[in-house]
Amino acid sequence: MAKNDRSLGRRSLLGGAVAVAGGAAVSSALPATAQAAPRAAAATAAETAATTDYVTVSPTDPRFPDLVRGTNQRWVAKPDYVRLVTTTAQAVRAVQDAVSANKRLTVRSGGHCYEDFVFNKDVQVVIDMSGMTQVYYDSAKNAFAVEGGASNIQIYETLYKLYGVTLPAGSCASVGAGGHISGGGYGLLSRLHGLTVDHLYGVEVVTVDKNGTAKAVVATRDSTDANLKDLWWAHTGGGGGNFGLITRYWLRSPGATGTDPTKLLPKPPSEVFVHATAFPWKDMTEASFTRLLQNWGAWHEKNSAPDSKYNSLFGLLKLNQKASDGAQIALLTQMDATVPDAQALLDEYLAAISAGVGVTRQAMTLRSGEHAAMPQFAKPRTLPWYIATDYLSGGNPTLYGKYKSAYARKGFSVTQIKAMYKHLTRTDYSNGDALVQIDSYGGRINAVKPGDTAVPQRDSVLKLQYQTYWTDPAEEAKHLAWIREFYKDVYAETGGVPVPGDINDGCYVNYPDKDLGDAAWNTSSTAWNSLYYKDNYARLQKAKAAWDPKDVFRHAQSVRLP
């Protein structure tokens, strides 16, 4: 992770705690008997000391180019202006201003949207959440508050260093909470502690009613009003940009009792094993590749139950495109080093994945997706959890990219493996930054019922992310052609997309893919909304009708009004 990414976390820790001296974040870092003051008093002081109005950045401002694009350089907008807000009141006014002027608005949290949902040709106003990044314990809600612009690394550092707790959220440091949490959120601790939304207690959202009036609404899982309950539920996996502008989340695990903030969210392992190894492509035949994929699927089928002894192990199998003779297939693993027989369990896992492949593993000496080369982890190393989390954070905001996703309920079919091998070894396409990453899934994620949150995929054991990156915009067509053909062939048995069934279980809304709605690439009878939401879509539409009846918050794949 880049040096400036690490500094984000330190700014959060200082800004979220010291800046509200005498308020929630500082007081609640004390023993449980010295509980925090309500957030409202601290917020008033902090917001008075901060800017008293939102910041407007116009096209003539030198900051403008940085604020009209995200991490994916494919998407650059030309809005009339960008508004940066630092308080909920400012966010309400910014939304109202745009609605009253009949201007198309979008909202930016961390800027990691894979499609043009935020930055597109139609947007006239971007509301930027970069100024709302505080993370603190809110004694009034007895939950941790996370503002919509806070990044993953800011959240992790504040929660862990002040309270010893964490969220099972994503690994990329600069991803913003606003869209990440609302889409479900998963990461290296999810097999152990579930999805991020499994710990969502409440949400504060700026909505627009049928009269065009903007207001901030708070909905929690304890809400007795049916519409409020639906609004909370819609943010447990319904995706960003659908119902309103998210200013703040509150997080508290179901079943957590008492008012000691150190006991309200999961605790991460104190130490973890980090291991990186690789299979050289030059030694890999189609038979050995097939065996590796079969091993990967079989191991996860066997070891992904909610009570599995392997719940703390999360693996990332990175099937990089064979761009050269030196290319590698990488395997990156993190596991709790403190569980009984941890080393033996890790050794057994590595042996099971490698069994019968017939290829000697070596150090991971090349970059693989978002992760840099990691030759120093050829032998498992024990690291403190936060240091490992900081180190494994990735992301590169200078690239152009295209992404696709899938859930898998079991290992892959023969047809799927053959298609993967075909496209990863094609000689007419050579790109060291193209891959499909197959992540461990299941565990405690699958202890939740499909309708309890808006995330319906609750019996998968693997999650796939297809990725390709490039630096020359003139080459876009060839990279798009490769990943589209790759994906279509892998799911040829189900119309070119992972239609829920015996093996597949749809797609992840936080990895949006507009091709799912294109008949050229989705020849199945399953619409894009069913691939993301399955049977939960009707309830999401109900929430949409109640809270965004004018369809102010919309994009190419937003929840449609019923």
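**Reading the numbers in a predicted model**

Mentor: Let's start with burial: 60% of the 562 residues in the protein are buried. Keep in mind that this is a predicted model.

Trainee: What makes a residue count as buried here?

Mentor: A relative accessible area under 20%. Residues that meet that cut-off make up 60% of the 562.

Trainee: How do you know how compact the protein is for its length?

Mentor: Take the radius of gyration, 23 Å, and set it against the 24 Å that the globule rule gives for 562 residues. The two values are close, so the protein is as compact as a globular protein of that length. As for its extent, the C-alpha atoms fill a box of roughly 65 × 55 × 45 Å along the principal axes.

Trainee: And what is the share of contacts between residues 24 or more positions apart?

Mentor: Among contacts with a separation of 6 or more, 73% are of that kind. Contact there means heavy atoms within 4.5 Å. The elements making up the protein are 16 helices and 17 strands.

Trainee: On to charges. Why is the pair Arg93 and Asp53 called a salt bridge?

Mentor: The rule asks for a side-chain nitrogen of Lys or Arg within 4 Å of a carboxyl oxygen of Asp or Glu. For Arg93 and Asp53 the closest N and O atoms are 2.6 Å apart, so the pair qualifies. Apply that rule throughout and you get 30 salt bridges.

Trainee: Which parts does the Arg93 and Asp53 pair tie together?

Mentor: Arg93 belongs to helix 5 (residues 88-100), while Asp53 is in the loop between helix 3 (39-49) and strand 1 (55-57), so the parts joined are 40 residues apart in sequence.

Trainee: Are Arg93 and Asp53 buried or exposed?

Mentor: In between. The buried class ends under 20% and the exposed class begins over 50%. Arg93 comes out at 36% and Asp53 at 33%, so both are partly exposed.

Trainee: What about Lys121 and Asp122, which class does each one fall into?

Mentor: Lys121 has 77% relative accessibility, over the 50% cut-off, so Lys121 is exposed. Asp122, at 41%, is partly exposed. Their closest N and O atoms are 3.2 Å apart, within the 4 Å limit, so they form a salt bridge.

Trainee: And how do you know that Glu286 and Lys418 form a salt bridge?

Mentor: Again by distance: 3.3 Å between the closest N and O atoms, within 4 Å. That pair links distant parts of the chain, with Glu286 in helix 10 (residues 286-302) and Lys418 in helix 13 (residues 414-424), 132 residues apart. Glu286 has a relative accessible area of 30% and Lys418 has 46%, so both count as partly exposed.

Trainee: Which residues are linked in a network of salt bridges?

Mentor: Glu115, Lys402, Lys404, Arg484, Asp513 and Asp515.

Trainee: Now the sheets. What makes strand 5 and strand 8 edge strands?

Mentor: The sheet has 5 strands in the order 5-6-9-7-8, open, with antiparallel pairing. Strand 5 (135-138) and strand 8 (214-220) each pair on one side only, and that is what puts them at the edges. The twist from one strand to the next averages 25 degrees.

Trainee: How do you know that strand 6 and strand 9 pair?

Mentor: Pairing needs at least two bridges. Strand 6 (residues 143-147) and strand 9 (residues 245-251) are joined by 4, so they pass. One to look at is Ala145, whose bridge partner in strand 9 is Trp250. Helix 6 (residues 152-163) lies across strand 5 and strand 6, at about 50 degrees to strand 5.

Trainee: In the sheet with the order 1-2-4-3, what is the pairing?

Mentor: Mixed, in an open sheet of 4 strands. Its edges are strand 1 and strand 3 (105-108). Strand 3 runs parallel to strand 4 (residues 125-128) over 4 bridges, and Thr106 has Val126 as its bridge partner in strand 4. Helix 5 lies across strand 2 (81-84), strand 3 and strand 4, at about 160 degrees to strand 2.

Trainee: Which residues does the "FAD-binding PCMH-type" annotation cover?

Mentor: Residues 68-256, according to an unreviewed UniProt entry. That span is 23% helix and 23% strand, and its end C-alpha atoms lie 41 Å apart.

Notes
Residues numbered from 1 in each chain as written. Predicted model: local features only at pLDDT ≥ 70, side-chain atom pairs only at ≥ 80, totals over all residues. Heavy atoms only, no water. Helix = DSSP H or I, 4+ residues; strand = E, 2+ residues; numbered from the N terminus. Buried < 20%, exposed > 50% of the residue type's maximum accessible area, 1.4 Å probe, protein only. Axes fitted to C-alpha atoms, helices over the stretch in contact; angles between N-to-C directions. UniProt positions renumbered as here; feature names shortened; annotations may be inferred. Rg over C-alpha atoms; globule rule 2.2 N^0.38 Å.
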